[in-house]
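Colleague: Got a minute? I'd like to go through this model with you, starting with the ligand.
Modeller: Sure, let me pull it up.

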Amino acid sequence: MNKIVVNGGKKLYGEVEIGGSKNAALPMLFAGILTGEACVFSHLPRVSDVLLTLEILRSLGARIRFAPGGDVLVDYSLVRPALPSLVHTGAIRGSVYLLGAMLGRFGRAKLGGAGGCDFGSRPIDQHLMGFEGLGAIEYAENGALCLTAPRGLCGANISLKMPSVGATANLLMAATAASGKTVIRNAAAEPHVVALCEFLTACGARIEGQGSDTLTVFGGRPLHGCRCTVIPDMIEAGTYLCAAMAAGGRVTVRNVVPSHLGAALDVFRDMGASLTVGKTYITIKAPARYRAVDVTTGPYPAFPTDLHPQFAALFTIGHRTTGTGRVFERVWQERFRYTEELSRLGAHVKIKGECATFSPCPLHPATLRSPDLRGGVALVIAALSVVGRTEITNAATVGRGYEHFESKLRGLGADVRVFG
Ligand code: EPZ
């Protein structure tokens, strides 16, 4: 996916089926290493981050089979504790999960580097602090980060400085293999972290407190393969709801867990959208004009940072929105890169520290460059509201997290084409 072309100005109507969550699938796929057996994943999203993860696992010895019904079987029995290619691991953030999974299974792990969207510095000090607490020693070898646990991993009390999704997931994996009890305090409670707990539990682990800020892992139990279903992608769902708000119309997202989107649904309501929320679906009816509001991102259950750019796009659209909207970004220091591109469409944006202020004004078509996954999709959302042709290059960034992007949007009546 190189380029997305949007001929905006058409309202969206219909239903869209939401896929499995990328950010749940990645830690689950890596956690499977701990079992040394085969796991079957249903609803694995076919997005490039997941396909790259499968490539990394394959390069380490996993055998992967795509079953005709859509399930993916990953057999981890022949996985080796080798150093995977930096070309692969350096492209996705999720590769950092190799550390916890490999350390847990083999007592050692190596990683040349982890990539992901560029939000400035993305430290992993909390992961390393936790591994060290469990008995691992860190060293560098030819530029790779290496961990080893010469005396084995041993349960510990770990308090995270912030509720990091990645550190919580990584430490959960290592802790299931550590002997004795591990308590992780200030843990992340995102639905994808809960999904990892459920996956590990299905593999034989014992974890208490999932969904809270304190996780207790009773480690050292033998793990086995399992069958699991990846939870629906709350960010994909929120993105299509934003698309409907931008373009106007009425859209239903199906196969969702509405409670995962609680904070975002509150914002839609504050903006004046009319929502119908069922057990596994959400319908949004966009008002002719909606209010711009203040949004503050934070760890779950606060408003998700991964929906920040999509809502920000809504606050810029002059003929749809009233008032000034502000986004306070409290998770990532540098998540405002997409605003430069929105400005090319005519958006008025002012950034001061963690706060971006968006004043509505008329937007016009332009040629834009997607800076990252959610920033890129925010540009598409803005473009859907603009009559005329907007081109978005570097669109592979969007393919990292959105499956069947063109067909899903076209199914709602959008004139969108994806090239490459
Ligand atoms: C995950 O990244 C997601 N990625 C991100 O989604 C998401 O934005 C983020 O969680 C927050 O929800 C995946 O799941 C693959 P963190 P992660 O560790 O785990 C600081 C998307 O668009 N921190 O929760 O890397 C960090 O700098 C992507 O799908 C440390 O200081 O995020 C950040 O400010 C983008 N030290 C905050 O914590 C650490 O050791 C949250 O980071 C770890 C994190």
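Colleague: So what's the class make-up of the shell around the ligand?
Modeller: Keep in mind that this is a predicted model. The shell splits into 8 nonpolar, 6 polar and 7 charged residues.

Colleague: And how many residues surround the ligand, and which are the closest?
Modeller: There are 21 of them. Gln126, Ser164, Asp306, Val331 and Arg374 are the closest.

Colleague: Arg374 caught my eye. How far is a polar side-chain atom of Arg374 from an oxygen atom of the ligand?
Modeller: That distance is 2.7 Å. Arg122 also has a side-chain N or O atom 3.0 Å from a ligand oxygen. For Asn23, a polar side-chain atom and an oxygen atom of the ligand are 3.1 Å apart.

Colleague: OK, and how much of the ligand does the protein bury?
Modeller: On its own the ligand would expose 830 Å², and 90% of that is buried by the protein.

Colleague: Which pocket is the ligand in?
Modeller: You'll find the ligand in the largest pocket.

Colleague: Which elements give two or more residues to the shell?
Modeller: Those are α1 (22–31), α5 (125–133), α6 (165–177) and α12 (373–384). The largest share is from α5, which supplies 3 residues.

Colleague: What about domains, where does the shell draw its residues from?
Modeller: Domain 1 (3–18 + 232–419) and domain 2 (22–229) each contribute at least three residues to the shell around the ligand.

Colleague: Good. Switching to the backbone: is the peptide bond from Tyr300 to Pro301 cis or trans?
Modeller: The bond from Tyr300 to Pro301 is cis, and its omega is near 10 degrees.

Colleague: Where does Pro301 lie?
Modeller: Pro301 is in a loop, the one between β18 (294–296) and α10 (308–316).

Colleague: One more, Asn394. Is its phi positive or negative?
Modeller: Positive, at about 55 degrees, even though Asn394 isn't a glycine.

Colleague: And which loop is Asn394 in?
Modeller: Look between β24 (388–393) and α13 (396–399), as Asn394 lies in the loop there.

Colleague: Great, thanks. I'll go back to the viewer with that.

Methods:
Residues are numbered from 1 along each chain as its sequence is written. This is a predicted model: local features need pLDDT of at least 70, side-chain atom pairs count only at pLDDT 80 or more; totals for chains, interfaces and linings use all residues. Side-chain values use heavy atoms; hydrogens and water are left out. A residue is near a molecule or strand if one of its heavy atoms lies within 4 Å of it. A polar contact is a pair of N or O atoms within 3.5 Å; within protein, one must be able to donate a hydrogen and the other to accept it, and residues adjacent in sequence count only if both atoms are side-chain atoms. Accessible areas come from the Shrake-Rupley method with a 1.4 Å probe; for residues, only the protein chains shown count as cover. On a 1 Å grid over the protein atoms alone, a cavity is a set of points where a 1.4 Å probe fits but cannot get out, and a pocket is an open set with protein on both sides within 12 Å along at least five of seven lines; lining residues have an atom within 4 Å of a point. A molecule sits in a cavity or pocket if more than half of its atoms lie within 2 Å of its grid points. Helices (H or I, at least four residues) and strands (E, at least two) are DSSP runs, numbered from the N terminus. Ala, Val, Leu, Ile, Met, Phe, Trp, Tyr, Cys and Pro count as nonpolar, Asp, Glu, Lys and Arg as charged, and the others, Gly among them, as polar. Domain bounds come from an automatic or database domain assignment.
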